[in-house]
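Please take me through this structure in the viewer, one selection after another. Tell me what to select next and what is there.

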Amino acid sequence: MTKEDILKAYLEDDLFIEKSYLKEGEAQKYKWASHTENNLIQIIKTAIEGELSNESGNITERKINTFLNK
Amino acid sequence: MILQSIELNNFMCYAGPNRFDFTEGINVIIGDNGYGKSKLYDAFWWVMYNQCFDTSIKKFKYTNLLKRQIVSDKAIDETEEGMISASVVLTFHNTEKDSLYILERRYSVRKSGDKIIEDQDSEEIIWFKEMSYMNAKEVKEADQIERIKKSILPDNIKPYMWFQGEQVESIIDFNKSDTLTHAINVLSNITRFDNIITVAEGLKESSTKEFNKKQRDLSGDKGKSENLELDRQNILDRIKGLELQDIQIKDTLATAEEKSETLLNKLADAQKIREIEAKRKSIEQNLSEIQEEFDEEQQGLHKRMFTSKWVLKGTENLFDEYGKMYNQFEHKKLQHEAQIQARLDSENALVSEMQARLPIDVPEPIHVQHMLDIERCLVCDREALTGSEAWLKMKALIDRSQMKIKTLEDEEKSVHNFSGDLKKLYQNGLGLSHNVKSIDDDIASTFRRLRKLDKKRKALSDDLKKIESEINSLIVDAALNVSQAANILNEYSAQNELAKRSMNEVNSNANILSRRKEELSKIEAELSKLVIGEIPAYLKEKIKVIEEFYLVAHSTRKRVFNKLVLILEEEANKHYLEMTQGNMSSRGIIRLKELSNGKNYMPELVDENGNVLLQLNTGNIILIKLATIMAIISARQGSRDTDLYTLITDAPMSVFGEDYTIGFCKTVSKVYRQSIIMSKEFYKNLALREQLLTNGEIKLGKVYLITPSIPENARSNRNSLSTNIEKLN
């Protein structure tokens with residue numbers, strides 16, 4: 001699975017439609033490089049990147065915290 | 001990666017140099033039991049892992065424990081002095097990089113007279129050769145050797161690519177909680193989703209702490225907030241405890257459900273085995289009684305020769321003839337006695353006459369003897385010369401003293417007289433003659449009874465054989481022995497009881513958990529009310545985003561996992577259907593049923609309406625497991641594992657029999673780019689072998705027939721044993 005496949009797996013969650021973060025069918029077309037202002041999508045991408053680069057969980061958490069503390 | 005060849009030199013039963021070449025497709029090595037198939041499988045394993053499978057303990061053993069068992073007995077026996085080496089060489093062709101990996105393992109012993117000195121361990125030599133270059137390069141670095149081996153067969157794939165038939169049960173053990181998860185891990189990178197959940201959980205915990213601290217900092221009543229926080233922590237601990245308990249109970253419930261499901265499949269068989277076993281015992285008891293009666297009756301036959309006087313059978317005429325002869329004898333005897341009596345009468349008359357002249361012993365015999373000696377009668381004073389009439393008269397006086405009246409009894413004493421015995425015989429015969437007449441009836445009735453008992457005995461014996469065969473086939477099909485079957489019902493009821501109890505506990509726990517959560521909400525609401533001022537917007541947003549991340553991380557992991565289970569299920573069904581084509585009895589659809597703890601899965605066979613098909617036999621279960629193993633591999637087609645690695649398996653078909661063999665081969669040749677299969681199914685069944693060699697749906701590689709140089713029953717040791725290899729295509 002590529003990082004884009006993993007991201008799409010998350011974006012397919014109903015929550016994204018319920019909360020209007022994405023429109024119907026948008027998740028499938030989503031590209032890793034697609035620009036987004038959505039914090040949830042941003043931190044999911046950070047978590048995926050951390051996981052794929054075998055980063056420790058603590059470092060990923062710190063990165064996400066830093067991002068959300070802005 | 002294609003396995004091009006295996007070369008075996010003095011390895012176990014492969015004495016001398018031996019070679020098998022392989023190509024893409026399904027390569028089959030055919031041989032009966034004990035012909036060297038497992039030893040060939042061992043050879044592959046030995047080169048890679050320095051181990052061979054010990055069937056007696058069902059475990060792999062390292063060379064340092066096997067030592068000279070690695071080396072051919074024939075090679076050792078034929079060498080008088082010096083070193084004997086066993087070696088196996090595997091040649092792999094990396095078709096993508098057009099290079100070869102040559103892996104060799106060697107083990108040596110030294111023979112000195114009768115003494116054999118064993119090396120401690122084997123020696124491994126790995127060569128790498130790029131096809132465009134002439135020379136091969138020896139690989140010496142341990143890391144690189146490890147990398148090469150991993151590229152030939154990665155650890156996570158290994159159990160599903162190289163296995164023996166008898167290992168199939170344990171490779172896919174659905175009773176173990178992690179079997180399917182492990183399979184899914186091989187199939188996918190689900191662990192990445194697990195790791196992201198860990199990150200989400202960590203973030204949720206830290207952000208909640210941050211938020212609570214902020215709330216307390218902004219509290220209008222810090223003392224109350226502190227107390228509420230303590231209460232909150234207390235309830236949180238309890239909730240954690242309850243959640244942990246919930247997991248444990250659900251695990252217990254899942255295990256009980258799994259066991260019940262497994263037992264349910266065997267329940268009907270177990271009941272049947274128990275019923276048949278009871279019937280068998282009763283027949284056995286009857287048979288034993290009848291046999292005893294039969295044996296007694298048969299032993300009694302010898303006694304009856306005398307006790308029932310059977311020995312006299314057919315002697316009726318003999319008695320009559322004897323009677324006649326005895327009558328004649330008696331008649332002659334009477335005549336003879338009359339003659340003797342007449343003679344005696346005349347002799348006795350003479351004696352009486354003599355006794356009438358002078359009394360006996362008068363004169364006394366000494367005086368008479370004196371007169372004889374002097375040849376003169378002193379009574380009348382006359383001369384009596386020896387031999388004269390007077391002298392003879394005197395002598396008669398002496399002889400007369402020895403004469404007496406004879407009777408018939410005296411006469412009879414002087415000859416052999418069997419008269420009494422013959423009479424006794426006649427009288428005995430007379431007594432027995434009445435029995436003799438009924439002997440035939442007695443014999444006939446006894447033999448009638450014996451025949452009846454024998455018939456009954458044979459019928460019971462046949463019944464017993466039939467029932468034993470029925471019970472044996474049930475035991476084989478159900479993989480249960482009699483005592484296991486006897487325990488199944490109790491175990492099933494116990495597991496059901498445990499499942500019910502666990503279910504009640506889950507419900508009760510859920511109620512308590514829900515109350516605690518309500519309490520927690522109230523405390524949090526109170527804490528929130530105490531806040532004066534504004535919680536920073538970034539923190540509110542952070543809490544919201546992290547909560548959403550937490551939810552999405554969990555639900556996505558579950559969705560991805562379920563999707564993988566579905567893929568696995570779909571692939572398994574595809575293979576199961578292919579393998580069972582041509583055998584209607586085992587049709588069904590494999591469904592992987594999620595158990596209560598949400599972690600474990602149980603395979604079920606359902607009909608097209610979703611009804612569970614019960615009473616799966618061992619063959620069905622093994623087919624399902626093999627289908628699942630193939631599914632794990634074929635579902636990875638994106639990663640091209642099926643192209644990269646070779647399936648090597650020993651006797652995978654032995655458990656499910658010949659009906660599925662061709663289906664299995666077709667499926668294997670579709671799923672795997674290359675496979676090497678050791679099989680006995682094609683050994684005796686020549687029609688099946690012909691199908692293998694000619695079936696267009698099977699992508700066939702090389703087919704070999706292996707046979708021992710000396711059959712097992714014709715050898716007392718392995719000192720002359722080698723293996724003949726015949727190419728069949």
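Start by selecting chain B and colouring by secondary structure: 21 helices and 19 strands make up the count for this chain. Keep in mind that the model is predicted.

Next, reduce chain B to its C-alpha trace and turn the view along the principal axes. The trace spans about 195 × 75 × 50 Å. The radius of gyration of chain B is 53 Å, whereas a compact globule of 729 residues would have one near 27 Å.

Now colour chain B by burial. Of its 729 residues, 42% are buried. Then look at contacts in chain B between residues 6 or more positions apart: in 72% of these, the partners are separated by 24 or more positions.

Switch on the surface of chain B. Its accessible area is about 39200 Å², and carbon and sulfur atoms hold 51% of that.

Keep chain B selected and highlight the charges. There are 105 positive and 115 negative ones, and the mean positions of the two sets lie 4 Å apart.

Last, show chain A together with chain B and select the residues where they touch. On the chain A side 27 residues are in contact, and on the chain B side 25. The size of an interface is often given as the accessible area lost when the parts come together. Here the area buried between chain A and chain B is about 2300 Å², with 62% of it from carbon and sulfur atoms. Which residues of chain A lose the most area to chain B? Select Y10(A), E51(A) and E61(A): together they account for 26% of what the chain A side buries.

Conventions:
Residues numbered from 1 in each chain as written. Chains lettered and ligands numbered in written order. Predicted model: local features only at pLDDT ≥ 70, side-chain atom pairs only at ≥ 80, totals over all residues. Heavy atoms only, no water. Helix = DSSP H or I, 4+ residues; strand = E, 2+ residues; numbered from the N terminus. Rg over C-alpha atoms; globule rule 2.2 N^0.38 Å. Buried < 20%, exposed > 50% of the residue type's maximum accessible area, 1.4 Å probe, protein only. Contact = heavy atoms within 4.5 Å. Areas by Shrake-Rupley, 256 points an atom, 1.4 Å probe, with all protein chains shown as cover. Lys, Arg positive; Asp, Glu negative; His and termini not counted. Charge placed at Lys NZ, Arg CZ, Asp CG, Glu CD. Buried area = accessible area lost by both parts, 1.4 Å probe.
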